[in-house]
Amino acid sequence: ITPAGVDEVIWKAPDFWRYRGGYHILKGDAKGLGFEAVGALSVPLDFSYKSKDEILRRRRINEHLLEKMQNKKEKANILNELGTISYFLSEPRKAIEFCEQALAIAKEIGDRRGEGIVLGNLGLAYSDLGEPKKAIEFYEQALAIAREIGDQRGEGNALVNLGNAYSDPGESKKAVEFYEQALAIAREIGERLDEGTALGNLGVAYSVLGEPRKAIEFYEQALNISRETGDRRGEGNHLGNLGVAYSDLGEPRKAIDFYEQALKISREIGDRRGEGADLANLGLAYSDLGEPRKATDFYEQALKIFEDIEDPNAEKVKRLLQESESS
């Protein structure tokens, strides 16, 4: 095996390092680790992780391999995954830096599929920075490439992202159209994870349209798929959204139960944006219950997180905090 081949094996199977050191024996379910890493290679947003420690470990491995890797396509894959990890850790500016480097390489070597994936990830990062118009430009480019090369999964991902970008109340019907197209593709190609994402986003759209009961139906379907596929991030999102729906139905105590479950997951996987949203929603629920002091405590925790990660929701939480303090 050539040195380049060894690098490839090490990157696709991180446990190879421990194997070479002679102190790690692969057995039982441990064999699945290699498969997850291969999945991450082709579709970076697809990899699953159970805890913040695990994703930080993956970042360390990729940072080490970035210095060693000579093959340009593999280097672009590593940069893209580092961008994805930064996005998951609520570091959108870092994500943009990595993705821009990956995009330049993908264009240089003519890797159209890789280019489309990176464009989608750039859109996600700009969306988190509160720049939806810029995000839409990247999503549309990603969609055009996916359709050009016949990448149905990439097409579905781009459609979901476009739906998210059009999630404002005045555009919710347009968002539903994008999500329904993405759902049809996911079911056609048998991608359960993507199906769950599309169902969850349909729930969000119907929630915005003032139909919380319909939203709950979609969230419950999405939650079942997330648990079935081990998608912890998706599970946390759907639990939080179920809380919002029950809050809209005037059931704040039921909402609190869902928010607390979502908050636990957000903290376990290091999703600071999700943690901030869960804390803010807990504040809203306690405000509805006439407990402004508890609400204030949650708003303060949420505000600190949103300011740390430059999330545009910080301004909204500031207003809620002021209202709560005046109460």
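**Chatting through an all-helix model: surface, packing and two buried residues**

User: Hi! How much surface does the protein expose, and what share of it comes from carbon and sulfur atoms?
Analyst: The protein exposes about 16000 Å², and carbon and sulfur atoms supply 49% of that area. Keep in mind that this is a predicted model.

User: Noted. What's in there by way of helices and strands?
Analyst: There are 17 helices and zero strands.

User: And what percentage of the residues is buried?
Analyst: Of the 327 residues in the protein, 51% are buried.

User: How about contacts between residues far apart in sequence, what share do they take?
Analyst: Taking contacts between residues at least 6 apart in sequence, 53% of them join residues at least 24 apart.

User: Let's zoom in. How do H4 and H5 sit relative to each other?
Analyst: H4 covers residues 52-68 and H5 covers residues 72-88; their axes come within 10 Å and cross at roughly 150 degrees. Angles over 145 degrees count as roughly antiparallel, so H4 and H5 are roughly antiparallel to each other.

User: Left-handed or right-handed crossing?
Analyst: The crossing of H4 and H5 is left-handed. Residues making the contact include Ile55, Leu65 and Leu66 of H4, along with Ile78, Leu82 and Phe88 of H5. By class, the contact between H4 and H5 has eight nonpolar, one polar and five charged residues.

User: H5 has another partner, right? What's the geometry with H6?
Analyst: Helix H6 spans residues 92-109, and H5 packs against H6 at an angle of about 155 degrees with the axes 8 Å apart. That makes this pair roughly antiparallel too, and H5 passes H6 in a left-handed crossing.

User: Which residues meet there?
Analyst: On the H5 side, they include Ala76, Leu79, Gly83, Ser86 and Tyr87; on the H6 side, Ala95, Phe98, Cys99 and Ile105 are among them. The contact of H5 with H6 divides into ten nonpolar, four polar and five charged residues.

User: Ser86 caught my eye. Is it buried or exposed?
Analyst: Ser86, which is in helix H5, has 1% relative accessibility and so counts as buried; the cut-off for buried is under 20%.

User: What does Ser86 touch?
Analyst: Not counting residues up to four places away in sequence, Ser86 touches Glu91, Lys94, Ala95 and Phe98.

User: New topic: where is Ala186, and why does it count as buried?
Analyst: Ala186 lies in helix H10, residues 172-189. Ala186 counts as buried because its relative accessibility is 2%.

User: Which residues is Ala186 in contact with?
Analyst: Leaving aside neighbours within four places in sequence, Ala186 is in contact with Glu191, Asp194 and Glu195. There's also a C-alpha separation of 6.8 Å between Ala186 and Gly156, and those two are 30 residues apart along the chain.

User: Last one: how do H15 and H16 pack?
Analyst: H15 (residues 272-288) and H16 (residues 292-308) have axes that come within 8 Å and cross at roughly 155 degrees. That makes H15 roughly antiparallel to H16, and H15 passes H16 in a left-handed crossing.

User: And who's involved in that one?
Analyst: In H15, residues such as Ala277, Leu279, Gly283 and Tyr286 take part, meeting H16 residues that include Phe298, Tyr299, Ile305 and Phe306. By class, the contact of H15 with H16 holds twelve nonpolar, four polar and five charged residues.

Conventions. Residues are numbered from 1 along each chain as its sequence is written. This is a predicted model: local features need pLDDT of at least 70, side-chain atom pairs count only at pLDDT 80 or more; totals for chains, interfaces and linings use all residues. Side-chain values use heavy atoms; hydrogens and water are left out. Helices (H or I, at least four residues) and strands (E, at least two) are DSSP runs, numbered from the N terminus. Buried means under 20% relative accessible area, exposed over 50%, partly exposed in between (1.4 Å probe, protein chains only). Contact means heavy atoms within 4.5 Å. Accessible areas come from the Shrake-Rupley method with a 1.4 Å probe; for residues, only the protein chains shown count as cover. Axes are lines fitted to C-alpha atoms, for helices over the stretch in contact, and angles run from 0 to 180 degrees between N-to-C directions. Angles under 35 degrees count as roughly parallel, over 145 as roughly antiparallel, 65 to 115 as roughly perpendicular and the rest as oblique. A crossing is left-handed if the near helix is turned anticlockwise from the far one by less than a right angle, and right-handed if clockwise. Ala, Val, Leu, Ile, Met, Phe, Trp, Tyr, Cys and Pro count as nonpolar, Asp, Glu, Lys and Arg as charged, and the others, Gly among them, as polar.
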